[in-house]
Amino acid sequence: MRIGTRIAALVWLGVSFFMASPAGAACLTTPAPSNVITSTYGWRFHPVFKRWRLHRGADFRAQLDSQGVGVPLVAAEDGVVQLASSASGGNELRIVGADGTIARYLHLTRATVRPGDQVSAGQNVAISGGTGEASAAPHLHFEVYENGKHDVNPESMLCTAATHKSGADQVSGFPILACNPDGGQSCSGSPPPPATTSGGSVAVDSSAPTAPTTGAWDDMSTIELITSEVYKRFGNADWYKETAERPSKPLLQDYQHMVALSNYIELRRRETAERIEQLWAAKVARDTKREMRDRLDRQRAVANRSTPGT
């Protein structure tokens with residue numbers, strides 16, 4: 001009864017499923033057979049929006065063959081399958097490892113596994129494609145999140161070093177940087193992999209709960225945010241069992257995540273409302289100006305007709 005009550009309370013609070021990641025986590029299997037990275041992890045200057053945006057993953061060469069069929073992609077680690085889709089990422093696959101690491105595959109033609117399936121590293125799990133906003137040729141956009149929330153450079157987690165295509169460290173002539181230049185920082189070129197432990201895994205200090213980095217949500221719509229959070233909980237077959245056994249520190253961390261997410265969505269809602277008001281005000285101003293011009297033209301026409309000798 002106590003377990004059932006606790007689960008119900010956790011569902012009401014909306015806490016997420018993030019397991020602590022041990023510092024000795026295993027390395028990841030390269031997800032694409034090419035092992036060639038066409039665009040690295042880091043900050044890119046967007047040529048349309050004119051601002052720097054974080055590319056949260058590494059793009060692997062995974063083009064379609066002459067028959068228009070994508071290449072098989074494999075699980076980077078042992079774990080549980082989650083599926084999703086979004087306007088920007090297209091068909092997605094997520095694999096949640098036993099240590100809480102999430103491997104995210106984007107732009108897929110389709111997944112070849114189902115939600116809740118247990119998979120092993122190296123197992124075929126998807127077919128590459130170009131769904132969503134894949135601006136370049138069909139490829140695999142591969143992201144890695146430690147503890148289910150901190151994105152890291154995927155190259156730092158691979159068991160085998162990947163090869164870089166020429167120009168993989170720049171976009172539209174701009175270098176991919178290690179930090180955001182708009183933040184007043186002095187940034188160098190493509191970011192090096194984070195420091196690793198002797199076992200090849202990224203060292204993580206999970207000694208205290210920390211609030212999430214809300215920048216991870218910048219390129220997601222409200223619907224995508226909500227969908228992502230729902231899949232983190234209810235798309236995981238072990239979620240109900242794990243939430244009944246979690247101690248207070250991870251629960252506090254989850255609660256902080258939900259508060260930050262709620263505040264972020266409210267901020268986006270207000271910004272959208274303000275933008276709509278600005279656009280409406282501009283439309284009213286244009287309509288008023290056009291109406292005044294038409295009225296003045298009519299007055300001038302009447303005056304010309306009533307003037308003698310015209």
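Buried, in these exercises, means under 20% relative accessible area, exposed means over 50%, and partly exposed covers what lies in between. The structure is a predicted model, and the residues are numbered from 1 along each chain.

**Exercise 1. The faces of strand S12**

Determine how many of the residues of S12 are buried, and which residues lie on each of the two sides of the strand.

Solution. Begin with the count for the strand: 8 of the 8 residues of S12 are buried, and the strand is mostly covered. Next, separate the two sides, with His 139, His 141, Glu 143 and Tyr 145 on one and Leu 140, Phe 142, Val 144 and Glu 146 on the other. Since every residue named on either side is buried, both faces of S12 are covered.

**Exercise 2. The strands paired with S12**

Work out which bridges join S12 to S4, S8 and S13, and in which sense the strands run.

Solution. Take S4 as the starting point: S4 and S12 pair in the antiparallel sense over 5 bridges, and here Gly 57 has Glu 143 of S12 as its bridge partner. Turn then to S8, which pairs with S12 in the antiparallel sense, again over 5 bridges, with Ala 103 having Val 144 of S12 as its bridge partner. The remaining step concerns S13, which runs antiparallel to S12 and is joined to it by 3 bridges; in this pairing the bridge partner of Val 144 is Val 152. S12 and S13 also form a hairpin with 3 residues between them, and in its turn Asn 147 has a positive phi of about 60°.

**Exercise 3. The aromatic cluster**

Find how many aromatic pairs the whole structure holds, and establish which residues form the aromatic cluster.

Solution. The search of the whole structure yields 2 aromatic pairs. One of them is formed by Phe 60 and Phe 142, whose rings lie 6.2 Å apart from centre to centre, with 75° between the planes, in an edge-to-face arrangement. This pair links distant parts of the chain, for Phe 60 belongs to S4 (residues 57-61) and Phe 142 to S12 (residues 139-146), 82 residues apart. Phe 60 and Phe 142 are both buried.

Continue with Tyr 105 and Phe 142: their ring centres are 5.2 Å apart and their planes stand at 70°, so this pair, too, is edge-to-face. The cut-off needed for this step is that planes over 60 degrees apart count as edge-to-face. Because Tyr 105 lies in S8 (residues 102-108) and Phe 142 in S12, the pair ties together parts that are 37 residues apart in sequence. Tyr 105 is buried, as is Phe 142. Phe 142 takes part in the pair with Phe 60 and in the pair with Tyr 105, and Phe 60, Tyr 105 and Phe 142 form one aromatic cluster.

**Exercise 4. The disulfide**

Identify which cysteines the disulfide joins, and decide whether Cys 27 and Cys 159 are buried, partly exposed or exposed.

Solution. The count comes to 1 disulfide, which joins Cys 27 to Cys 159 with an S to S distance of 2.0 Å. The link of Cys 27 and Cys 159 is right-handed, with 100° about the S-S bond. Cys 27 lies in the loop between helix H1 (2-13) and strand S1 (36-39), and Cys 159 in the loop between strand S13 (150-152) and strand S14 (163-164), so the pair ties together parts that are 132 residues apart in sequence. As for accessibility, Cys 27 is partly exposed at 32% relative accessibility, and Cys 159 is partly exposed as well, with a relative accessible area of 41%.

**Exercise 5. Strand S6 and its partners**

Explain why S6 is described as largely enclosed, and determine which strands pair with S6.

Solution. Of the 8 residues of S6 (residues 79-86), 6 are buried, so the strand is largely enclosed by the rest of the structure. S7 (residues 90-97) runs antiparallel to S6 and is joined to it by 8 bridges, with Ile 95 as the bridge partner of Val 81. S6 and S7 form a hairpin with 3 residues between them. S6 also pairs with S10 (residues 118-119), in the antiparallel sense and over 2 bridges, where Gly 79 stands opposite Val 119.

Technical notes
This is a predicted model: local features need pLDDT of at least 70, side-chain atom pairs count only at pLDDT 80 or more; totals for chains, interfaces and linings use all residues. Side-chain values use heavy atoms; hydrogens and water are left out. Buried means under 20% relative accessible area, exposed over 50%, partly exposed in between (1.4 Å probe, protein chains only). Helices (H or I, at least four residues) and strands (E, at least two) are DSSP runs, numbered from the N terminus. Two strands pair if DSSP finds at least two bridges between them. Rings of Phe, Tyr and Trp (its six-membered ring) pair if their centres lie within 6.5 Å; planes under 30 degrees apart count as stacked, over 60 as edge-to-face and the rest as tilted. A disulfide is a pair of cysteine sulfur atoms within 2.5 Å.
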